[in-house]
Structures are given as structure tokens and as C-alpha cells.
Amino acid sequence: MDQGHDPETLRNAYSRLLDFLPKASDETYVLPSTEAVRQAEASLNTHLPSRGIGFPATAIHLLSDVLPGFNASSASPHYYGFVTGGTTPAAVFADNMVTACDQNVAVHLPDESVSTTVEERAAILLLELLRLDAKTWTARTFTTGATASNLLGLACGRNSTITKACQRQQDWTVVSINVSVAGIFSAMSTGKLNGIQILTTMPHSSLLKAASLVGLGHASVKTVGREHNPLRFDLKKLVDGLETPHTATIVVISCSEVNTGCFATESYEEMQHIRLLCDEYDAWLHVDGAFGLFGRALEASSEFQSIRNGSHGMELADSITGDAHKCLNVPYDCGFFFCRHPDIVQEVCQNPNAAYLNSGSTASIVSPLNTGIENSRRFRALPVYATLTAYGRSGYQEMLISQIRFARAVASYIMDHPNFELCSGTFTRRAEILANIYIVVLFRAKDNALNEKLVRSINATSKMYVSGTTWEGKPASRIAVANWRCDAARDIVVVKEVFDEVIKQYLQDA
């Protein structure tokens with residue numbers, strides 16, 4: 001078999017790969033042509049070859065045939081789909097180290113590899129960026145993304161609330177029940193529970209997916225938002241839900257909603273009120289902070305006060321999730337999960353009866369396989385450590401400020417445009433609308449026919465990319481700004497050119 005270990009072959013392959021990056025970052029390239037995608041598809045093997053072609057020929061195949069069919073994605077500063085972050089140079093370099101060194105960061109073996117210590121330090125650096133106390137958030141792990149992190153949060157909330165229900169029965173035999181050992185149905189029967197509910201406002205679809213995966217089901221997710229502002233909590237509805245008899249509750253805060261970027265809470269006092277209600281009713285408080293949590297990195301200022309208010313008080317939660325591959329700008333896939341209850345996390349994630357996975361009773365770091373979902377884990381923490389070390393707090397503040405200012409410039413342009421309208425939710429005054437723009441701009445065309453194909457029309461220019469959604473029953477387009485290469489002055493010019501081109505083409509076709 002061709003081992004392909006020739007350093008010169010590897011260097012040549014990597015050199016050709018790096019040549020792709022300037023093209024991907026060029027403002028004229030966001031999506032490949034349809035022809036390039038079809039050619040890439042046609043080049044793929046349809047069956048396993050009886051004899052391989054070897055690494056050098058495979059490298060040529062990937063670079064010449066497959067690579068042209070990729071979109072620019074995070075390599076382009078004008079890719080505004082799906083809240084996709086970029087990849088900083090430090091993170092890219094570290095991620096290549098991860099592949100080359102191929103560490104399985106699962107068991108803490110401090111005399112054999114520094115990898116688990118790096119992961120621990122990376123988590124602490126990230127906590128500091130988010131202004132969260134590392135001494136409080138002692139259960140921390142890196143995941144594939146916020147979906148997996150939400151799964152962990154719901155699993156921990158499930159176990160905690162069932163355990164508390166059992167303890168309320170005042171039967172000493174069940175005070176120390178382990179839900180992961182007894183099982184959900186047996187433990188709920190002991191706790192005299194008929195169900196577990198998740199009370200939230202405008203949840204992300206990944207929360208419903210996580211609810212399914214942990215055995216609670218989509219129907220367990222119930223919204224308790226206000227009638228005319230469904231993202232904000234109706235506290236009476238929340239209390240009514242908490243008082244549902246024989247029902248355990250997990251309360252979930254959307255720290256920046258995916259369509260508008262707005263926040264479910266707007267002050268520390270509001271979060272404190274929700275925290276006290278959760279304590280009163282033995283509910284678990286979870287924060288889905290995919291990208292909104294990064295607003296905590298900003299310094300106090302009137303310019304960003306609404307964002308700081310919206311992310312204020314998240315430290316009062318029991319668990320927090322976030323996506324590092326969004327605003328932290330590390331490669332896919334990378335999320336994180338923080339919890340203030342390490343005993344519950346280990347109850348959920350512990351590998352039982354596996355002595356060969358033991359790192360020793362005196363270990364200062366809990367083995368990651370006992371604090372997360374996977375036993376086999378990519379070294380996702382290294383790019384996190386590298387990028388935080390390279391750019392520090394001030395670097396990330398500068399990135400986020402640039403992204404926010406650009407998003408607000410786009411929103412302002414749309415508000416003044418005769419053919420488009422901003423979907424601003426409940427805000428009515430211009431200054432108020434712009435002050436509450438974070439990194440997402442939701443808009444639509446005023447003309448219904450154009451609006452139906454607006455996303456396709458914008459993306460067809462291949463100068464920028466947006467993703468579509470539905471807002472108030474109608475199609476809408478979304479610009480989500482999360483790339484470290486964002487330049488407000490440069491990028492607003494591209495947006496204006498694209499919008500003008502879309503309108504011109506639509507009028508010609510009409």
C-alpha cells in the first residue's frame with residue numbers, strides 16, 4: 001500500500017489547498033457555479049475501487065475535482081448564512097495541528113499527554129472572555145455544537161428535577177436516587193411525576209431536537225412568551241406553567257434568537273426574578289447562548305447597552321451552551337457546555353464499570369469522557385486555546401464591535417431603501433430599532449413576487465450569501481454577521497451593489 005508519507009508530497013498538496021483560500025475570500029466568489037458543483041459530483045467514485053489510486057493521485061482528485069464544488073463559507077467575509085463564523089489564522093493553524101497529532105481527548109492522563117490540560121485552560125480562557133467565574137462553572141466541556149450542548153443541558157435538567165421530585169416525597173430510601181441508574185420512568189414514578197416540561201420563548205429548532213434525544217419529546221417544549229412580543233417572557237404564563245401539578249420543569253432562555261438576534265431578557269433583575277421562580281419550584285434554568293452569549297465580552301457603553309442588557313444575568317443559570325464556531329471564529333465543529341453542578345453532569349455522562357478508562361482518583365481534571373457525550377473526542381479545544389491566546393479579550397471585542405456596526409449599517413440602509421423593509425419586531429422608533437440590532441439583520445422585499453425569490457436572487461450574484469427564513473407568516477431573508485474579517489466600510493459597499501443588482505435584474509425580468 002502507498003503510505004503517502006513523503007513530506008514533499010504533503011507540502012505540495014497543502015500548498016495547493018492554501019492557494020484556494022485567497023479565491024474563497026475574494027468578494028466575487030461566495031458560491032461555486034452550478035456547473036462546478038455538477039462536475040464535482042460527477043468526479044466522485046460511485047463504487048469502492050478494488051485497488052486504490054494512492055495518496056498523490058487522490059490529492060490531485062480532491063484539489064482539482066472536488067474542491068471547486070465547495071462554497072466559500074467561512075473563508076468569505078460576505079458569507080452571511082446560518083450565523084457562520086470565520087476561522088482566524090491562529091485557529092486554522094491549530095486545527096491543522098489537531099489533525100496532524102490526532103489526540104483523542106477523552107481520558108485525563110497528565111503524564112502521557114498535555115491535551116486534557118490544554119482543554120481545561122481553553123475552557124477557563126473562554127469563561128473569562130464571557131465574564132463567567134471559573135470557580136463556579138466547574139463542569140465544562142467542548143462539544144460538536146450548541147445542539148449537543150443543549151442535549152447535555154436538558155439531560156442534566158431532567159436528572160436534577162426528577163431527583164428533587166423524589167426528595168420531596170420525604171422517603172429516605174430515594175433521597176439519593178440516581179436517575180441515570182434507575183431510568184427515567186422508574187425515577188419519575190418514585191417522584192410521583194406525570195411529565196417533564198420545557199418552558200421557553202421562541203426556541204431554536206435544536207432545542208426541540210435535543211428534547212427528543214433525551215426522551216422528553218417535542219411536545220414537552222411549551223412557549224410562555226408575551227402575546228405581542230413572543231420572545232419576551234410572560235411571567236404570569238411562566239408561573240402558571242411552573243405550578244402544573246406532578247410536572248418537573250426546565251426553563252430555557254434564548255440568549256439571542258436566531259431570526260432577529262434579539263434577546264429573551266433585558267436586565268439582570270429579570271433574570272434574577274426567573275432564577276428565584278426556578279428555585280421556588282425546583283426547576284432547572286438553562287441558557288441557549290449560541291451566539292448571544294458573546295455579547296458579554298463587550299465593555300459597558302451606551303452604543304451596546306441593549307446587547308449587554310440582553311446577555312446580563314446569564315451567570316444565574318444552572319447550565320449554559322454556546323457555539324465556538326460562530327463568534328469565536330474557530331473551525332467547525334465546536335460548541336461548549338458549562339454547568340455549575342459537576343455532580344449532575346457526571347451522573348449523566350459517567351462511564352460505569354470501565355476501569356480501563358480511569359485516570360486515577362487523585363486527578364485534578366475530570367476525564368472529558370465523563371463530562372460530555374462522546375468517549376471518542378476530537379481535540380476541539382486546541383483552536384479555542386490558540387485563537388484566545390493570539391487575540392485576547394481586546395481582539396475579540398474589536399471583532400464583535402465591527403460585526404455589530406456593520407449589521408446596524410445594513411439595517412439603516414434597508415430602512416431607507418424604497419424596495420426593502422426591515423423586520424424589526426416590536427420596536428418602532430428608528431434609534432430604538434438600530435440600538436437593538438446585534439449581528440443579525442432580518443428583512444424582506446416590499447414586492448411580494450420579488451420577496452418570494454429574494455434569497456435566490458441575492459445568492460445568484462455570488463457576491464454575498466444570505467439564508468432564508470419565515471417571519472410573521474411570510475418569507476424573509478437574513479444577514480448574519482459573525483466573520484472576524486468583517487469590515488463595515490468595505491462590506492456595506494458590496495451589500496448596496498448586490499441589492500441594486502437584484503432590483504435591476506427583477507425590473508428587467510418583469
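Reader: In what order do the four strands of the antiparallel open sheet stand?

Author: This is a predicted model, in which local features need pLDDT of at least 70, side-chain atom pairs count only at pLDDT 80 or more, and totals for chains, interfaces and linings use all residues. Residues are numbered from 1 along each chain as its sequence is written, and side-chain values use heavy atoms, with hydrogens and water left out. Strands (E, at least two residues) and helices (H or I, at least four) are DSSP runs numbered from the N terminus, and two strands pair if DSSP finds at least two bridges between them. The order in this open sheet is E8-E9-E11-E10.

Reader: Which strands stand at the edges, and why is one side of each left without a neighbour in the sheet?

Author: Each of the edge strands has a single partner strand, so one side of each lacks a neighbour in the sheet. They are strand E8 (420-422) and strand E10 (467-471).

Reader: Which residue of E11 stands opposite Trp471?

Author: E10 and strand E11 (residues 474-480) run antiparallel and are joined by five bridges. Opposite Trp471, in E11, stands Lys474.

Reader: What is the strand order in the open sheet of seven strands?

Author: The pairing in this sheet is mixed. Its edge strands, each pairing on one side only, are strand E1 (139-143) and strand E3 (221-223). The full order is E1-E7-E6-E5-E4-E2-E3.

Reader: Which residue of E4 stands opposite Gln197?

Author: Strand E4 (residues 247-254) pairs with E2 in the parallel sense, over five bridges. Gln197 has opposite it, in E4, Thr249.

Reader: Which residue of E3 is the bridge partner of Ile198?

Author: Strand E2 (residues 195-200) pairs with E3 over three bridges in the parallel sense. Leu199 stands opposite Lys222 in E3. The bridge partner of Ile198 in E3 is Val221.

Reader: Is the crossover from E2 to E3 right-handed or left-handed?

Author: The chain leaves E2, passes through helix H9 (residues 205-213) and reaches E3, a β-α-β crossover. A crossover is right-handed if, with the strands pointing away from the viewer, the path from the first strand over the helix to the second runs clockwise. This one is right-handed.

Reader: Why is E2 largely enclosed by the rest of the structure, and which residues point opposite to Gly195, Gln197 and Leu199?

Author: Six of the six residues of E2 are buried (under 20% relative accessible area, 1.4 Å probe, protein chains only), so the strand is largely enclosed by the rest of the structure. In a regular strand the side chains alternate between the two faces of the sheet. Gly195, Gln197 and Leu199 point one way from E2, and pointing the other way are Ile196, Ile198 and Thr200.

Notes
Buried means under 20% relative accessible area, exposed over 50%, partly exposed in between (1.4 Å probe, protein chains only).
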